[in-house]
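Biologist: Could you walk me through this one? I would like to hear how each label is earned.

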Amino acid sequence: MPKHRDADADGHSADDIRWMTEALELASHGRGKVEPNPPVGCVLVRDSVCIGKGFHQRFGGPHAEVEALSDCADAAGATAYVTLEPCCHHGKTPPCADALIRAGVARVIVSVVDPFEQVDGGGIKRLRAAGIEVITGVAKQAGEELLAAYLKRVRTGMPWVIAKWAMSLDGRIATKTGESKWITGPAARNAVHELRASADAIAVCMGSVVADNPLLTVRLPEFVRAQTDDGKTTNSASESRPLVRLVYSRRRLPDLNSQLVQTASETPTWLVAGPEISNADLAKLADHDVETWQCESADPVEMIRQSLLWLGSNDNPRGLAMTHLMVEGGSQLLGSFAAAGQIDEVHAFIAGKCIGGSLAPGPLGDPGIENLADATPLRISRMDSFNNDVRLIYRR
Ligand code: AOF
Ligand code: ZN
């Protein structure tokens, strides 16, 4: 087949890439609302004109293809640009592949093939069997970038891990006396609350709980206003998916008077406990509505691996797999996540201050790496500034 004039390296036409880019933009509006489902967008095109578009808007709601088909009177002969392979299973909604076949579309262009075991190429097969032309891998890199968290969970059973830290220009997260409030300014801290609002859980270690007695809630005006029917304030962008506060504790337990334990009846608070912690101590926390999960291993790397499998499964206390875990610290916990090879994305906030001193800590604690060749390569994905602070987002 001759390559299109403005084709990409895989031979996909510039038009196909342009419409898929639009579908990806639409899909991104579902981020934070559809999880653990993937954000998906769909654009219907005939004679180079968009005749319908839609995206998966909320967990349990209609899929992108169905939204787009209901946005147009007649899709016969059209090309459907879908960011993820159309599904072929009866889940919460009937198969999208069947809906596209019934609507009489002529071509389906897909960015990413769905690795979900109930789909996994089956949607494409069904479309082709119905005589529809299917092309896959269009704008694949951008598609995989948008679906990164979904793809990780489906392939490994674990949520995508975002490590967040705030540091001085010279890479310290506190002074040598431990003072860390505040390194960055209010605008940067607001961005942290926005990030929290789109995550499933925020993880901290016991060191942070003891040092800071944190509340770990989302404090943004729109969330403070969002009250549930029983008068409680919500802690997330999604009421069905309230933000969970997750404490990693190998030996020490949080004080029953800490802010976290005292508010556990209102805001979900879970504890990943090491094997040495007694059942009696765990029961005391359970009496305060803290959900506890004990790991069989005391090895920090193994604790992280096993806890991620627990969080990413439907067997966690929420009964719904997590896709985005944010790790806020301390440096010991971040060091263990790094050692486990489980930091997928870094949000580093950098302030215009220098701290200095060999005893002032950096963001990642032990064990660290010995050789630079062992560092996990991360790619810059975004740069923002908040007054005099900057945020760098790097991804695996
Ligand atoms: C599509 N279009 O817009 C989405 C798809 O829980 P359910 O029934 O909504 O099914 C979730 C699965 O459906 C999810 O794992 C993925 O395979 C697919 N999501 N498929 O054709 C969409 N969101
Ligand atoms: Zn579907």
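Modeller: Gladly, and let us begin with a term: helices (H or I, at least four residues) and strands (E, at least two) are DSSP runs, numbered from the N terminus. In those terms, serine 70 lies in the loop between H2 and E3. Please keep in mind that this is a predicted model.

Biologist: What makes serine 70 count as exposed?

Modeller: Exposed means over 50% relative accessible area. Serine 70 has 58% relative accessibility, so serine 70 counts as exposed. The side chain of serine 70 also reaches the backbone oxygen of glutamate 67, at 3.0 Å. Between the C-alpha atoms of serine 70 and glycine 54, which are 16 residues apart along the chain, the separation is 8.5 Å.

Biologist: Let us turn to the metal. Which protein atoms are the donors of the zinc ion (ligand 2)?

Modeller: They are ND1 of His63, SG of Cys87 and SG of Cys96, lying 2.0 to 2.2 Å from the zinc ion. Donors are N, O and S atoms within 2.8 Å of the metal, so these atoms qualify. Along the chain, the spacing of the donors is H-x23-C-x8-C.

Biologist: Why is the site of the zinc ion (ligand 2) called tetrahedral?

Modeller: Four donors count as tetrahedral if all angles lie between 85 and 135 degrees. The four donor atoms here make angles of 96 to 118°, so the site is tetrahedral.

Biologist: Why do histidine 63 and cysteine 87 tie together parts that are 24 residues apart in sequence?

Modeller: Histidine 63 sits in the loop between strand E2 (49-55) and helix H2 (64-69), while cysteine 87 sits in the loop between strand E3 (79-84) and helix H3 (96-103), so the pair ties those parts together.

Biologist: And what makes cysteine 87 buried?

Modeller: Buried means under 20% relative accessible area. Cysteine 87 has 5%, so cysteine 87 is buried. Glutamate 85 lies in the loop between E3 and H3, and a relative accessible area of 2% makes glutamate 85 buried. From C-alpha to C-alpha, glutamate 85 and serine 48 are 22 Å apart in space, with their positions 37 residues apart in sequence.

Biologist: Now for the other ligand. Which residues come nearest to ligand 1?

Modeller: Of the 19 residues around ligand 1, the nearest are His63, Ala64, Glu65, Lys92 and Asp114. By class, this shell has nine nonpolar, six polar and four charged residues.

Biologist: How do you know that aspartate 114 makes a polar contact with ligand 1?

Modeller: A polar contact is a pair of N or O atoms within 3.5 Å. A polar side-chain atom of aspartate 114 lies 2.4 Å from an oxygen atom of ligand 1, so the pair meets that cut-off. A polar backbone atom of alanine 64 is 2.7 Å from a ligand 1 oxygen, and an N or O atom in the side chain of asparagine 37 is 3.0 Å from one. Taken alone, ligand 1 exposes 510 Å², of which the protein buries 97%.

Biologist: Why is serine 297 called buried?

Modeller: The relative accessible area of serine 297 is 15%, under the 20% cut-off, so serine 297 is buried. Its place is in the loop between strand E10 (291-294) and helix H12 (300-311). The side chain of serine 297 reaches the backbone nitrogen of aspartate 299 at 3.0 Å.

Biologist: What about histidine 347, buried or exposed?

Modeller: At 4% relative accessibility, histidine 347 counts as buried. Histidine 347 is found in strand E12, and its side chain makes a polar contact of 2.7 Å with the side chain of glutamate 345.

Biologist: Which backbone angles should I look at? What is omega for the bond that joins glycine 329 and glycine 330?

Modeller: Omega there is about 0°, and the peptide bond is cis. Glycine 330 lies in the loop between strand E11 (324-329) and helix H13 (331-339). The peptide bond from aspartate 366 to proline 367 is cis too, with omega near 5°.

Biologist: And what is phi of alanine 139?

Modeller: Phi of alanine 139 is near 50°, a positive value in a residue other than glycine. Alanine 139 lies in the loop between strand E5 (133-135) and helix H5 (140-146). Aspartate 120, not a glycine either, has a positive phi of about 45°.

Conventions:
Residues are numbered from 1 along each chain as its sequence is written. Chains are lettered from A and ligands numbered from 1 in the order in which they are written. This is a predicted model: local features need pLDDT of at least 70, side-chain atom pairs count only at pLDDT 80 or more; totals for chains, interfaces and linings use all residues. Side-chain values use heavy atoms; hydrogens and water are left out. A residue is near a molecule or strand if one of its heavy atoms lies within 4 Å of it. A polar contact is a pair of N or O atoms within 3.5 Å; within protein, one must be able to donate a hydrogen and the other to accept it, and residues adjacent in sequence count only if both atoms are side-chain atoms. Accessible areas come from the Shrake-Rupley method with a 1.4 Å probe; for residues, only the protein chains shown count as cover. Ala, Val, Leu, Ile, Met, Phe, Trp, Tyr, Cys and Pro count as nonpolar, Asp, Glu, Lys and Arg as charged, and the others, Gly among them, as polar. Donors are N, O and S atoms within 2.8 Å of the metal (3.2 Å for Na, K and Ca); water is not among the atoms, so sites may look incomplete. Four donors count as tetrahedral if all angles lie between 85 and 135 degrees; four count as square planar and six as octahedral if opposite donors are over 155 degrees apart and all others between 65 and 115; anything else is irregular. Buried means under 20% relative accessible area, exposed over 50%, partly exposed in between (1.4 Å probe, protein chains only).
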